[in-house]
There are 4 protein chains.
Amino acid sequence: MKRRRISHLAPGGGRSVAALLEEYRKAGVLGAGDLAKAAEIYREMLRRRATVFLGLSGPLVASGLRSIFAEMIRRGHVSAVVTNGGNMVHDMIEAFGGRHYVGSFRGDDRALMREGMGRMGNALTRHADLEAFEKRVGRILASIPEDKRRNLSPRELFQEIGARIKDERSILRVAYEKGVPIFSPAVVDSALGLELYLFSQGETLVLNAIKDMRELAEIVMGAESSGAIILGGGVPKHYILGAHTLRGGIDYGFQITMDREEAGSLSGARLEEGRSWGKAKAGSRLATVIGDVTVLFPLLFYGMEDAP
Amino acid sequence: MKRRRISHLAPGGGRSVAALLEEYRKAGVLGAGDLAKAAEIYREMLRRRATVFLGLSGPLVASGLRSIFAEMIRRGHVSAVVTNGGNMVHDMIEAFGGRHYVGSFRGDDRALMREGMGRMGNALTRHADLEAFEKRVGRILASIPEDKRRNLSPRELFQEIGARIKDERSILRVAYEKGVPIFSPAVVDSALGLELYLFSQGETLVLNAIKDMRELAEIVMGAESSGAIILGGGVPKHYILGAHTLRGGIDYGFQITMDREEAGSLSGARLEEGRSWGKAKAGSRLATVIGDVTVLFPLLFYGMEDAP
Amino acid sequence: MKRRRISHLAPGGGRSVAALLEEYRKAGVLGAGDLAKAAEIYREMLRRRATVFLGLSGPLVASGLRSIFAEMIRRGHVSAVVTNGGNMVHDMIEAFGGRHYVGSFRGDDRALMREGMGRMGNALTRHADLEAFEKRVGRILASIPEDKRRNLSPRELFQEIGARIKDERSILRVAYEKGVPIFSPAVVDSALGLELYLFSQGETLVLNAIKDMRELAEIVMGAESSGAIILGGGVPKHYILGAHTLRGGIDYGFQITMDREEAGSLSGARLEEGRSWGKAKAGSRLATVIGDVTVLFPLLFYGMEDAP
Amino acid sequence: MKRRRISHLAPGGGRSVAALLEEYRKAGVLGAGDLAKAAEIYREMLRRRATVFLGLSGPLVASGLRSIFAEMIRRGHVSAVVTNGGNMVHDMIEAFGGRHYVGSFRGDDRALMREGMGRMGNALTRHADLEAFEKRVGRILASIPEDKRRNLSPRELFQEIGARIKDERSILRVAYEKGVPIFSPAVVDSALGLELYLFSQGETLVLNAIKDMRELAEIVMGAESSGAIILGGGVPKHYILGAHTLRGGIDYGFQITMDREEAGSLSGARLEEGRSWGKAKAGSRLATVIGDVTVLFPLLFYGMEDAP
């Protein structure tokens, strides 16, 4: 049996990120090998003009990746986003003038509360920025015509919000402009969800959780080839893959996560598991990279900069 | 400073699970110490008759814990359940005559597909059982009066289903009988969600994702003291903790998970993080146990059997 | 294909640890399934009177497992121990009157230093107990005849120490009495190693690292069947498995660890990897359990109490 | 309290690795923040001309990092290396004409055995290359004067081997040329250790495990300031930190590992733990990065290329 040799990384002159990825590819084992495989799949998705779904879990927007996700949409890398509610809340907080701050995993959370800071990992949000967000969202909801509010889907809600955001760095704004849908099946489980509930106490508001499925189904079934970029697992991962049972599975996919398979959750499952359900095609190209998204995804994305 | 001594576990005669937990407590460090602390908090919740929320993520029902969860509800350990959709789908599959099977993490998922088996970790579901589930769910949905279907919440949906299940081992059945609400904010992201969508193509069906929040809020705000048992993270964890901002946080809580904090996701966050948000009280008693739920939670639960 | 059904754990009356293990076996998936498989292998090793090697890494003795390991030796469960130096240092500290204490992962290590406490995970050692250990070890070394000290192996060193310990709970004492060898190829990398170095500055002392290999080889090659209990990975795991290339590999083995394979280290490797090297036989029975040794190993050991 | 803002990574033109590290620094949270902190500490070590100890665990040399480690020594980044035996075995295998190959975590290890391949993670070694290594090592040992072999330390052994290697890409060769000592307290636990044992059956050979400690102590105590680069934990980590109790601890240090602290092993411990032992100074600058060394360390090293 012919086996491929491991090539050692070659320390040399000034390095580009793309060159580093190429060296990982030549080494070909452990994390470097996995990441290189993910990069190849990403390039292949772009080359084939696949319909790409981006799945976002964890506080990725607050933690520094906001502009990268906005840029992916701007460049047409992705056809749809599926996200937890939190990432869009953080996008809005920044669009409305708030910021996120550097904290610590090891501090006293009681002191943070007194300081008026909420913690997500070691990123911080000011409670005051969250309150400003709540007020703005209340006004946005009030500005949506009541007949729309009688049967609103999460995707429509984010489109309405995106249309009302001025900040050009906002993911919601860019997605609105580019016509890229943002799905969020668990959006009620977020600070936005709480605001929706409070608004619904006095005003007409029905958030129809199943309404988006038709649109998602149309995108999935209309795709010539289909790919998934899964950052962090959770509901977004499951929603993207589950919808793909309607077409026999994704053709391409990679995920970056710290979760592992042995606990049995879908978050930690290798993408290959999807082949037993028709969530991934038998012949699909798949990669799993174990690691931190804030380090590894920028590395991949910058390595794509010379891609088509 | 007075420090507590570590007592060595004492191998002896026939051991009960409760005695083993007591030995972990006397040792007091590493996983044994964490698990013993969780057991103390669990006992304390029961003793104080706290309003306890059970959060379920991962394929726990399929993987052998179905009867334990049903029994917890039967005994009045929990006042509300918050779950991913999947665990209730698996409860229904078994209620409708299906079963789950032992598979492997290392097999060929293409061969499983040909065999008609879907994989979740190393548990398997027969595609045929899933199809039987889909048919039964369709009939159940059709039997719900149309005016209810015009604005149904996930909690109401599960109550309607529970009322129509005969299997007395079913979590949904027991919860229905005991009047324990089952919340599932991301239920659309499951095989049940797909079925809801298909049904809604021909029949009236609106699943109002924000409707449950009022009821959840009432339970949270009406609680004298409040506790959380979080098995596996994900949306259920966030939903339980998020709702508790309405009362300044939980009083007691423990979680068992394989996720860690460094990736920043809420799934891996220590419960102490909640103190910076009013999701956990400043004086709350909290424990995090890193480990496999299918091993550790039965150990805790059996250790509670002589509890009040 | 016939598939085994997952049986749900059955909450019932007063439970023994052995009964819980049996319930894990009937469930058969995720961590519960892995642990049950390890228990079966452990029972099989005992039933077949296999030559069993116990590998110890991490601060297991300080963290509460000292008496369990001593009891395993007393009962004849193990034919040889391979350990890091630290676990034997902690055994000696307690044999010489010291204790270990409950600390925290989250404290201030500078304050611990001022308090005179050293931290290992969340277990603590008093610096004063370590100094007492150093003095006693110095006297023990001086009492070993100089001609032995000219070419001493780690196994011989531990035998000499064990012969001089009075504490009947001591692992070193019990191993000496039962004639069970304790190997420790990296013993110089420990507080004992530092003491050996200091002693060697003024007195004759050569610690011959390769001398033990002959004895280990004889045990390995003389075994009718051979098994490994690997708690925590590291050098002990590698040393046990490496020696087994001399006989084509172990027949039985299980490991409990928090390490995973994807980083490529032997600590995280599944035991199956050993089959590619002749460290495990092609037909060997092997199990890997991901989890905390301080919880899972007592569970297994207590479940063995009615074993032959 | 003044808090630092998180800056979002800014997708732009052609990126260098150094620029990416700078963007991680501006983001400042999660893995990106940890890696940026490690990079700052690395730069600071070089700027202060600290005495730097490089600790190597896991199959890093086989997996593609051989040339990077050799280059670090060539450039004077490190004053001493502490390694498991395996990494030097792999360096020798390649120096003697062998190679390493790309395998899979998911293959059949029995088939690999038949193919004559041994697996380490998903890197492979040909058994034939290992046998060639054994023969060459035997000849090298025989060429070492017998009086030296009567009391040889691991450091001296590696120096003797390095002096006999022609391959200029070899770590052992470069270390020999630059006079950088290579320590390996657990070297007997490796394929080299097995060879030492076999040689010692017929010839004079004593490997004195404590002899190196004096030299290591002199380097540690002679350092104006001292730093540690710990890749992967294990014995090398402990040996470097333990030796530093002789001078009150390291001044700088970072580690990259997939191990976590909760299992209590030193491999997973944060470097701060060392402050309770005098292994790290109270005022030391320390960083822990959770992740794969084969991805993260090249990223750091290439980012240093414009450093002094």
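How many bridges join S3(C) to strand S5 of chain C? Keep that in mind for the sheet view below. A word on conventions comes before the views. This is a predicted model, in which local features need pLDDT of at least 70, side-chain atom pairs count only at pLDDT 80 or more, and totals for chains, interfaces and linings use all residues. Residues are numbered from 1 along each chain as its sequence is written, while chains are lettered from A and ligands numbered from 1 in the order in which they are written.

**View 1. A small set of strands in chain C forms an open sheet of three.** The order is S3-S5-S4, with antiparallel pairing. At the edges sit strand S3 (100-102) and strand S4 (117-120) of chain C, each pairing on one side only. From one strand to the next, the twist averages 40 degrees. To return to the opening question, three bridges join S3(C) to S5(C), residues 123-126, and the two run antiparallel. One place to look is His100(C), whose bridge partner in S5(C) is Thr125(C). Strands here are DSSP runs of E with at least two residues, helices are runs of H or I with at least four, and both are numbered from the N terminus. Two strands pair if DSSP finds at least two bridges between them. In general, strands of a sheet pair through backbone hydrogen bonds, either parallel or antiparallel.

**View 2. Two helices of chain D cross.** Helix H1 (residues 17-27) and helix H13 (residues 293-303) of chain D have axes that come within 8 Å and cross at roughly 105 degrees. H1(D) is therefore roughly perpendicular to H13(D), a label for angles of 65 to 115 degrees. Axes are lines fitted to C-alpha atoms, for helices over the stretch in contact, and angles run from 0 to 180 degrees between N-to-C directions. From H1(D), the contact is made by Val17(D), Ala18(D) and Leu21(D), and from H13(D) by Leu299(D), Tyr302(D) and Gly303(D). Residues are in contact if their C-beta atoms, placed from the backbone, lie within 7 Å.

**View 3. Chain D meets chain A.** Here 51 residues of chain D are in contact with 52 residues of chain A. Elements of chain D that each supply at least two residues to this side include helix H2 (30-47), helix H3 (61-74) and strand S5 (123-126). H3(D) gives the most, with eight residues. Because 100% of the interface residues of chain D are also interface residues in chain A, the copies meet through the same surface.

**View 4. A turn of 180 degrees lays chain D on chain A.** The RMSD is 0.0 Å and the shift along the axis is 0.0 Å, which is the relation of a two-fold axis. In chain D, the C-alpha nearest the axis belongs to Ser16(D), 2.0 Å from it. Copies are superposed by least squares on the C-alpha atoms of residues with pLDDT of at least 70 in both.

**View 5. Chain C can be superposed on chain A too.** The rotation is 180 degrees, with 0.0 Å of shift along its axis and an RMSD of 0.0 Å. Of the residues of chain C, Arg106(C) comes closest to the rotation axis, at 3.5 Å (C-alpha).

Methods
Contact = placed C-beta atoms within 7 Å. Parallel < 35°, antiparallel > 145°, perpendicular 65-115°, else oblique.
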